[in-house]
Amino acid sequence: MRAAVFHGPRDVQVEDVPKPEIEAPTDVVVRVTHTAICGSDLWFYRGDSDRDAGSRVGHEPMGIVEAVGEDVRSVEPGDRVFAPFVISCGSCEFCRRGLYTSCVDGDGWSGDNGGAQGEFVRARHADGTLVRVPDRYADDEDALRSVLPLTDVMGTGHHAAVSAGVDAGDTCVVVGDGAVGLCGVLAARRLGAARIIAVGHHPDRLEIADDFGATETVLGGGETDVVERVTELTGGGAEHVIECVGAASAMEQAVDVCRPGGTVGYVGVPHGVEDAGVPIFEMFGDNITLAGGVAPVREYADDLMADVLQGTLDPSPIFTKTVDLEAIADGYRAMDEREAIKVLVEV
């Protein structure tokens, strides 16, 4: 089969690799039809995080079930499915609590199970991982394009909003205008926030935030002091802040715009924060709560899919470029050079 393989910084190639097969009774092999490039993929693409040369990449698969192990009960060949960015058993202590990303036998997609930016993947623990799309939408391309973000960024933005405690009538600030931040705006609107202030550095992305339900936007950079502006808009900060970047500067900004007694929900993959640290003393003084982490998107997938399929939630505008699998290197380039927010890959 064909799959994307990482060979070094800014060097992702599509090549022939072994096709995964059923290895255990709980396995399913999925023929991938849609996948995506994630902002977190750019860390290894740019050489900012370690990754073995020759490893397969990708973690946002959607496709058609091709083969099932004898113990699989939730899906059968021919079903349309998508999968969260991690594999989870669905039955351990943490999965039962909804913390699927802490599964005691969890796994990723980039090993010998195929790599989700490829033609096939093997889903271990299929019953605990795969989400079946209702048959009536299985070939509806518009619906599938809206469902695909539930593999990662929509569920991650939702986790940030939930962790920040966003509820009906609230004011919240969303720090970050990437795919996750934009989905955080959608999530805050879905949870009923009355006022959503989106903070970013790209006018075109903040326009999407506005379309997604942001009531105000703040463009950073230049002469704008983001903290000062947000504090002015909110009359002293917001009780609910969503941090969707992962950089130390973004976390500091999130804490600075959080009202005393408020909560920062963070889901940005931490990068460059080990030395800078979290502003604990400031949080201590203002009784600011920090909640969040890697998003257990399987916990939210069914509820979010129901909203997508009934037409009340549509994250698909985050896909601003589409490529086929053989052109995935151009997709990585476009995201690296800020030409695209998120790239959809048709396999």
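Here are three short exercises, with worked solutions, on the predicted model above.

**Exercise 1.** Work out which strands stand at the edges of the sheet of 6 strands, and why one side of each lacks a neighbour.

*Solution.*
- Start with the strand order, which runs β11-β10-β9-β12-β13-β14 in an open sheet with parallel pairing.
- Now look at the ends: β11 (216-219) and β14 (289-292) each have a single partner strand, so one side of each is left without a neighbour in the sheet.
- As for the twist, neighbouring strands here are turned by 20 degrees against each other on average, direction ignored.
- Zoom in on one pair: β9 (residues 171-175) and β10 (residues 195-200) run parallel over 5 bridges, and V173 sits opposite I197 in β10.

**Exercise 2.** Find the bridge partner of A4 in β2.

*Solution.*
- First get the sheet: 3 strands, ordered β2-β1-β4, make an open sheet with antiparallel pairing.
- Its edges are β2 (11-16) and β4 (55-56); each has just a single partner strand, so one side of each has no neighbour in the sheet.
- Next, follow β1 (residues 2-8), which pairs with β2 in the antiparallel sense over 6 bridges.
- Read across from A4 and you land on V14.

**Exercise 3.** Describe the lining of the largest pocket.

*Solution.*
- Begin with the space itself, a volume of about 1300 Å³.
- Then check the walls: 50 residues line this pocket, with G39, S40, W43, V245 and V269 nearest its centre.
- Elements giving two or more residues to the lining include α5 (153-163) and α9 (248-256), while α1 provides the largest share, 4 residues.
- Finally, sort the lining by type: 24 nonpolar, 17 polar and 9 charged residues.

Methods
Residues are numbered from 1 along each chain as its sequence is written. This is a predicted model: local features need pLDDT of at least 70, side-chain atom pairs count only at pLDDT 80 or more; totals for chains, interfaces and linings use all residues. Side-chain values use heavy atoms; hydrogens and water are left out. Two strands pair if DSSP finds at least two bridges between them. Axes are lines fitted to C-alpha atoms, for helices over the stretch in contact, and angles run from 0 to 180 degrees between N-to-C directions. On a 1 Å grid over the protein atoms alone, a cavity is a set of points where a 1.4 Å probe fits but cannot get out, and a pocket is an open set with protein on both sides within 12 Å along at least five of seven lines; lining residues have an atom within 4 Å of a point. Grid points are joined across faces, edges and corners, and a volume is the space filled by probe spheres set on the points. Ala, Val, Leu, Ile, Met, Phe, Trp, Tyr, Cys and Pro count as nonpolar, Asp, Glu, Lys and Arg as charged, and the others, Gly among them, as polar.
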